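Got your viewer open? Let's take a walk through this model together, one selection at a time.

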Amino acid sequence: MDGLHEGSRTRWWAFSPTGVSGEKSAAGTIYCYNGYLDGYGCDPKRRTYAKPAAGVWELVVEARRTSPLWANPYALTASVS
């Protein structure tokens, strides 16, 4: 994820084809916002999923209600290798 304004509190989640979140909350990703608690132990701009399930994944981008900015432009790029 790139293009966010400084101070923006924005994150993205990935949901597998079964509808289950690919995120591990134990790793702090439930708080993995750009500009919030220094990512809380994760990189809010990048994720890697080992052996991802085949099918359509849903990527959700959201901002915290405490984000100081109304307009949060972003660019989210995904790749499969």
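## Starting in the loop

Begin by selecting Ser16, which sits in the loop between E1 and E2. Before you click around, remember that you are looking at a predicted model. Is Ser16 buried or exposed? Ser16 counts as buried, because its relative accessible area is 14%, under the 20% cut-off for that label.

Now show the side chain of Thr18 as well. The side chains of Ser16 and Thr18 are joined by a polar contact of 2.8 Å. Which residues does Ser16 touch, once you set aside its neighbours within four places in sequence? They are Val56 and Trp57, so add both to your selection.

Stay in the loop between E1 and E2 for one more stop and select Lys51. Lys51 is exposed, with a relative accessibility of 83%. Check its backbone too: phi of Lys51 is near 50°, which is a positive value in a residue other than glycine.

## The two strands

Zoom out and switch to the cartoon view. How many helices and strands does the protein chain have? The count is 0 helices and 2 strands. Colour E1 (residues 10–15) one way and E2 (residues 58–63) another.

The two strands E1 and E2 run antiparallel, and 6 bridges join them. For one example, select Phe15 and look across to E2, where its bridge partner is Glu58.

Try a surface view around E1 next. Why is E1 described as largely enclosed by the rest of the structure? The reason is that 5 of its 6 residues are buried.

## Thr10, in strand E1

Select Thr10, which is found in strand E1. At 2% relative accessibility, Thr10 counts as buried. Its side chain makes a polar contact of 2.7 Å with the side chain of Ser8.

Now display what surrounds Thr10. Not counting residues up to four places away in sequence, Thr10 touches a list of residues that includes Met1, Leu4, Cys32, Tyr33 and Asn34. Val61, Glu62, Ala63 and Asn72 are also among the residues it touches.

Want to try the distance tool? Pick the C-alpha atoms of Thr10 and Arg65: they are 9.6 Å apart, although these residues are 55 residues apart along the chain.

## The salt bridge

Keep E1 on screen and select Arg11, then add Glu62. Side chains of opposite charge can pair when their charged atoms come close. Here the side chains of Glu62 and Arg11 meet in a salt bridge, at 2.4 Å from N to O. Glu62 lies in strand E2 and Arg11 in strand E1, so this pair ties together parts that are 51 residues apart in sequence. The salt bridge count for this model is 1.

Which partner is buried and which is partly exposed? Arg11 counts as buried, because its relative accessibility is 10%. Glu62 counts as partly exposed, because its value is 27%.

## An aromatic pair

Next, look for aromatic rings. The count comes to 1 aromatic pair. Select Trp13 and Phe15 to find it: the pair is stacked, with 6.4 Å from centre to centre and 25° between the planes. Trp13 is buried, with a relative accessible area of 13%, whereas Phe15 is partly exposed at 23%.

## Val61, in strand E2

Cross over to strand E2 and select Val61. Val61 counts as partly exposed, because its relative accessibility is 25%. What does Val61 touch, not counting residues up to four places away in sequence? Show Met1, Thr10, Arg11, Trp12, Tyr74 and Leu76 to see its contacts.

Use the distance tool again, this time from Val61 to Ala14. Their C-alpha atoms are separated by 9.1 Å, and the two residues are 47 residues apart along the chain.

## Stepping back

Finish by showing the whole chain. It has 81 residues, and buried residues make up 26% of them. The accessible surface comes to about 5,800 Å², with 54% of it belonging to carbon and sulfur atoms.

Turn on the contacts for a last look. Among contacts in the chain with a separation of 6 or more, 62% are between residues 24 or more positions apart. You have already met one contact of Thr10 with Val61 along the way, so rotate back to that spot if you'd like another look.

Technical notes: Residues numbered from 1 in each chain as written. Predicted model: local features only at pLDDT ≥ 70, side-chain atom pairs only at ≥ 80, totals over all residues. Heavy atoms only, no water. Helix = DSSP H or I, 4+ residues; strand = E, 2+ residues; numbered from the N terminus. Buried < 20%, exposed > 50% of the residue type's maximum accessible area, 1.4 Å probe, protein only. Contact = heavy atoms within 4.5 Å. Areas by Shrake-Rupley, 256 points an atom, 1.4 Å probe, with all protein chains shown as cover. Phe/Tyr/Trp six-rings, centres within 6.5 Å; stacked < 30°, edge-to-face > 60°. Salt bridge = Lys/Arg side-chain N within 4 Å of Asp/Glu carboxyl O. Polar contact = N/O pair within 3.5 Å; in protein donor to acceptor, adjacent residues only side chain to side chain. Pairing = 2+ DSSP bridges.
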